[in-house]
Amino acid sequence: MSKRKLTDQQRRRIQANQKKRRQKVHGNNADGDTNLGPEQVGRIITRFGKSAIVQASDQTYRCGIRQHLNDLVCGDEVTWQMAESGDGIIVAINPRRNTLTRPDFAHKLKPVAANIDTIWIVATVFPLFDSTLIDQYTIAAEFSQIPPAIIFNKIDLLSEDALAKLQKSLSVYQDIGYQVLYASNTTHHGIDIITHELIDKTSVFVGQSGVGKSSLLNSIHPELELATKQVSEQTGLGTHTTSRTTLYHLPSGGELIDSPGVREFGLWHLDVSELAQYFVEFRPLLGQCKFSDCTHIHEPDCTIRQAVADGKISQQRYDNYTLIRERILENPNR
Ligand SMILES: Nc1nc2c(ncn2[C@@H]2O[C@H](COP(=O)(O)OP(=O)(O)OP(=O)(O)O)[C@@H](O)[C@H]2O)c(=O)[nH]1
Ligand SMILES: [Mg+2]
Ligand SMILES: [Zn+2]
């Protein structure tokens, strides 16, 4: 075959295609730059699309992400390199200590945040107090092996009687070893204690939209001036003010991740036969029922149901166990 000479136009097209391919391989927006600076370590502050903001020393950098690292989340520790364009490129992820995960709309398990010391479940009465959502979070926390704790916010909206009732209901969580704190951003009640609890730890605020997660963060670190929004007077529901899970450095030391509110924290990935073990107070009794595969719903000689009858396990937690179990079983994509 005779050697064909490339025309200038062909040469330009080939070069352009090669550049495109390089960009694809790097999966970044650093313009396919192969002249990368030395490797540096950093922490993911927030993630959007194919990029992330990385904190390294006292600065933040916008970084592209190599394709195989697509599951990077807020809190991840990474290795990155500076490209000539001024943007960075994340080239590796350090092993995670732990990961808070959640199934996405297609029921694929996705990380939400990584390397966390405490999951603070923020709840209140306005919008609605929902103990099922609290328990979905305690289960997700136990599944991820990250200790959960609870902040009951907006106590300024409660009468003394109503607060006493709620304290009784939340004492269930204290009885099983979870810390429960009470707060108000209006009166500043509890803010000092929460601030103290967050020192030198990586914590995440989770909960329904409108419970006041970002407001609490503003009370703890007023310079942030995060956007917060009115809960709808008509529906009593929040309108999703925070849109992206983001990590903030606290002046007192420690990091706090603020996350967008959710109505429900899906647990479709869990095997129902394992659900009971994510209820910490059930754990010591598991394996003692008459049937080794006891569902703790209808079987005779069930130690869990006996413990509920004896008042050793709270009726509310047990009811949420049965409800969450049903929701997992009813899910068609299981
Ligand atoms: N009365 C009272 N209102 C509060 C308190 N904390 C927050 N709020 C109000 O509750 C509304 C929702 O607060 P946000 O901080 O935006 O709630 P969020 O949990 O961050 O909501 P998302 O970002 O949508 O998940 C705002 O109007 C706040 O002013 C409080 O302690 N007392
Ligand atoms: Mg918010
Ligand atoms: Zn049983």
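What span should the 16 residues of helix α8 (residues 315-330) cover at 1.5 Å a residue, and how far apart are its end C-alpha atoms? The expected span is 22 Å and the end C-alpha atoms are 22 Å apart, which agrees, the expectation being 1.5 Å times one less than the number of residues.

Before going further, note that this is a predicted model, in which local features need pLDDT of at least 70 and side-chain atom pairs count only at pLDDT 80 or more, while totals for chains, interfaces and linings use all residues. Residues are numbered from 1 along each chain as its sequence is written, chains are lettered from A and ligands numbered from 1 in the order in which they are written, and side-chain values use heavy atoms, with hydrogens and water left out.

**Helix α8**

Stay with α8, bearing in mind that helices (H or I, at least four residues) and strands (E, at least two) are DSSP runs numbered from the N terminus. Select its buried residues, which are Arg317, Tyr318, Asn320, Tyr321, Thr322, Ile324, Arg325 and Ile328; buried means under 20% relative accessible area, exposed over 50% and partly exposed in between, with a 1.4 Å probe and protein chains only. These buried residues pack against α2 (131-144), α3 (160-175), α6 (272-275) and α7 (303-309). At the N-terminal end, Ser314 caps α8, with a side-chain oxygen 3.3 Å from the backbone nitrogen of Gln316.

**The zinc ion**

Next select ligand 3, a zinc ion coordinated by Cys289 (SG), Cys294 (SG), His296 (ND1) and Cys302 (SG) at 2.1 to 2.4 Å. Donors here are N, O and S atoms within 2.8 Å of the metal (3.2 Å for Na, K and Ca), and water is not among the atoms, so sites may look incomplete. The four donor atoms subtend angles of 103 to 114 degrees, which makes the arrangement tetrahedral, a label given to four donors if all angles lie between 85 and 135 degrees. Along the chain, the donors follow the spacing C-x4-C-x1-H-x5-C.

Cys289 is buried, with a relative accessible area of 9%, and His296 also counts as buried, at 5% relative accessibility. His296 is found in the loop between α6 and α7, and its phi is near 65 degrees, a positive value in a residue other than glycine. Most residues other than glycine have a negative phi. Asp301 lies in the loop between α6 and α7 and has a positive phi of about 50 degrees although it is not a glycine, but Asp301 is exposed, with a relative accessible area of 56%.

**The magnesium ion and ligand 1**

Now move to ligand 2, a magnesium ion whose protein donors are Ser214 (OG) and Thr242 (OG1), lying 2.0 to 2.1 Å from it. Ser214 lies in helix α5 (residues 213-220) and Thr242 in the loop between α5 and β12 (246-249), so the pair ties together parts that are 28 residues apart in sequence. Ser214 is buried, with a relative accessible area of 8%, and Thr242 counts as buried at 18%.

Thr242 also leads to ligand 1, since an oxygen atom of ligand 1 is 2.7 Å from an N or O atom in the Thr242 side chain. Two further places to look are the side chain of Lys154, where an N or O atom is 3.0 Å from an oxygen atom of ligand 1, and Gly210, where a polar backbone atom is 2.9 Å from an oxygen atom of ligand 1.

Notes: Contact means heavy atoms within 4.5 Å. A polar contact is a pair of N or O atoms within 3.5 Å; within protein, one must be able to donate a hydrogen and the other to accept it, and residues adjacent in sequence count only if both atoms are side-chain atoms. Four donors count as tetrahedral if all angles lie between 85 and 135 degrees; four count as square planar and six as octahedral if opposite donors are over 155 degrees apart and all others between 65 and 115; anything else is irregular.
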